Amino acid sequence: MHAPRTPPAARAVGLWLWCVAALVFAMVLVGGATRVTESGLSITEWKPVTGVVPPQSEADWQAEFARYKTIPQYERLNRGMSLTAFKAIYWWEWAHRLLGRLIGVVFALPFLWFLWRRAIDRRLGVALAGIFALGAVQGAVGWWMVASGLTERVSVSQYRLAFHLTLACIIYAALAWTADRTRSGSWADAVASAPPVPQRLRWSAGALLALAIAQIYLGALVAGLRAGLIYDTWPLIDGSFIPSAANLLFDQPWWRNFFENTLTVQFDHRMVAYGLCALALAHAVDAHRSGNDHIAIGAAFVVVAVLTQAGIGIVTLVSGVPLHLALLHQAMALVVLTAATLHARRTRLIGAAIAAPRGGAP
């Protein structure tokens with residue numbers, strides 16, 4: 001049986017969504033560089049429209065620098081910084097914000113055009129409107145995060161940083177999931193004569209996706225607290241594989257340890273990484289035994305991505321978190337997220353189509 005071709009309009013929508021996803025991918029990486037280089041507080045004002053234009057003259061640069069000198073980060077960490085050094089961190093943050101604006105335009109204009117051309121149905125239109133709304137919220141969350149470091153702190157709140165990064169990754173996953181929906185017809189060959197897909201495979205594929213997002217959240221907490229620079233040994237942490245409860249839970253109330261205790265946050269990130277590797281391996285074995293080659297291949301790609309990411313994370317940690325490895329680690333996290341998202345959707349799609357061949361694509 002030959003798979004039906006995806007209609008041209010659907011292919012165009014899918015290509016557009018993947019282009020937007022690529023821009024979000026790039027923005028997450030630039031955001032990571034902004035964090036590692038301590039550049040995120042270099043622009044102390046939120047100007048959604050006029051902020052697209054950087055300083056044009058020496059006087060403009062001096063005025064921007066003067067505003068930066070009023071915040072605690074300059075007073076406590078960067079006193080005496082030269083204008084040249086300030087420009088270096090300014091450009092990282094400016095590029096990050098510029099990408100955010102570009103993503104908004106690249107999403108909104110084609111979306112309106114596709115609506116006008118009736119190239120998307122109502123269900124897809126609602127989903128895309130929801131993604132656009134999340135993008136608008138993300139812009140506000142970004143400034144909310146920056147604002148946390150402008151008055152009393154020398155860096156942004158790790159709570160807000162983790163929320164900001166996780167929301168960006170949820171938007172990215174939603175784009176990938178929705179883009180893949182536009183080519184559902186091409187999966188007809190995966191359904192024809194395929195063996196049944198156990199319900200547990202669909203659940204475990206979804207669990208992999210959820211755990212990957214949770215791990216990204218924990219990674220953001222580690223980054224926000226600079227925990228990777230404090231506990232930089234592996235496989236031991238603080239001298240043992242499992243630190244003492246007294247060190248893991250010394251803060252009160254107890255729940256604050258999971259967000260503010262550098263040892264606990266780093267330990268949680270490691271344990272969830274081990275759990276993610278174990279679940280990916282078990283799921284891949286189960287998928288192979290199911291006899292469905294399409295699901296087995298997807299599961300194999302997920303486990304390879306997860307294990308690769310774990311290796312990169314270890315090397316990044318023991319190397320002192322240099323910029324190039326930190327960005328590679330963040331990029332690989334998005335590769336894992338991409339693989340987990342597509343695999344979860346396709347496992348759900350194939351399983352549902354086999355169970356109800358006459359039903360519509362999920």
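In which loop is Pro-235 found? In this predicted model, Pro-235 sits in the loop between helix 9 (227–230) and helix 10 (245–248). The peptide bond that leads into Pro-235 from Trp-234 is cis, with omega near 10°. A second cis peptide bond joins Gln-252 and Pro-253, where omega is about -5°. Pro-253 belongs to the loop between helix 10 and helix 11 (257–260). Most residues other than glycine have a negative phi, and most peptide bonds are trans.

Backbone phi angles offer two further points of interest. Asp-238, in the loop between helix 9 and helix 10, has a positive phi of about 55° although it is not a glycine. With 38% relative accessibility, Asp-238 counts as partly exposed. Val-321 is likewise a residue other than glycine with a positive phi, near 55°. Val-321 is placed in the loop between helix 13 (293–318) and helix 14, and its relative accessible area of 27% makes it partly exposed.

Turning to the interior, the largest nonpolar core has 45 residues. Those with the most contacts inside this core are Trp-16, Leu-17, Phe-107, Leu-128, Leu-175 and Leu-337. At least two residues of the core come from each of helix 1, helix 4, helix 5 (122–147), helix 6 (158–181), helix 8 (199–225) and helix 14 (323–355). Helix 6 gives the most, with ten residues. Leu-337 gives a feel for the packing: residues up to four places away in sequence aside, Leu-337 touches Cys-169, Tyr-172, Ala-173, Leu-209, Ile-213 and Ile-216. Apart from this core lies another, of 20 residues, including Leu-208, Ala-212, Cys-277 and Ile-350. In soluble globular proteins, nonpolar side chains tend to be buried together.

The cysteines leave a simple picture, as the structure holds zero disulfides. For Cys-169, the closest cysteine sulfur is that of Cys-277, and at 18 Å it is too far for a bond. Cys-169 is buried, at 2% relative accessibility. Cys-277 is in no disulfide either, and with a relative accessible area of 13% Cys-277 is also buried.

Charged pairs are better represented, with eleven salt bridges in the structure. Asp-180 takes part in two of them. The side chains of Arg-345 and Asp-180 meet at 3.2 Å, N to O, a pair that links distant parts of the chain, with Arg-345 in helix 14 and Asp-180 in helix 6, 165 residues apart. Both ends of this bridge are buried: Arg-345 has 1% relative accessibility, and Asp-180 has 1% as well. Asp-180 also forms a salt bridge with Arg-346, the closest N and O atoms being 2.7 Å apart. Because Asp-180 lies in helix 6 and Arg-346 in helix 14, this pair ties together parts that are 166 residues apart in sequence. Arg-346 is partly exposed, at 22% relative accessibility.

Another salt bridge brings together the side chains of Arg-200 and Asp-286 (2.8 Å, N to O). Arg-200 is in helix 8 and Asp-286 in helix 12 (residues 262–290), so far as placement goes, with the two positions 86 residues apart in the count along the chain. Asp-286 counts as buried, at 16% relative accessibility. Elsewhere, salt bridges that share partners join Glu-45, Lys-47, Glu-64 and Arg-67 into one network.

Two loop residues deserve a brief look. Pro-48 lies in the loop between helix 1 (8–36) and helix 2 (58–68) and is partly exposed, with a relative accessible area of 47%. Pro-48 and Gly-100 are 52 residues apart in sequence, while their C-alpha atoms are 9.8 Å apart in space. Ser-155, in the loop between helix 5 and helix 6, is buried, with a relative accessible area of 17%. Leaving aside neighbours within four places in sequence, Ser-155 is in contact with Leu-41, Ser-148, Gly-149 and Arg-226.

Finally, the surface carries a nonpolar patch formed by Val-105, Leu-109, Leu-112 and Leu-115, which together have about 380 Å² of accessible area. Leu-115 lies in helix 4 (residues 83–116) and is partly exposed, at 40% relative accessibility.

Key. Residues numbered from 1 in each chain as written. Predicted model: local features only at pLDDT ≥ 70, side-chain atom pairs only at ≥ 80, totals over all residues. Heavy atoms only, no water. Patch = residues over 30% accessible without salt bridge, like charges linked within 9 Å, V, L, I, M, F, W, Y side chains within 5 Å. Areas by Shrake-Rupley, 256 points an atom, 1.4 Å probe, with all protein chains shown as cover. Salt bridge = Lys/Arg side-chain N within 4 Å of Asp/Glu carboxyl O. Helix = DSSP H or I, 4+ residues; strand = E, 2+ residues; numbered from the N terminus. Buried < 20%, exposed > 50% of the residue type's maximum accessible area, 1.4 Å probe, protein only. Core = buried A, V, L, I, M, F, W, Y, C linked by side-chain atoms within 4.5 Å. Contact = heavy atoms within 4.5 Å. Disulfide = S-S within 2.5 Å.
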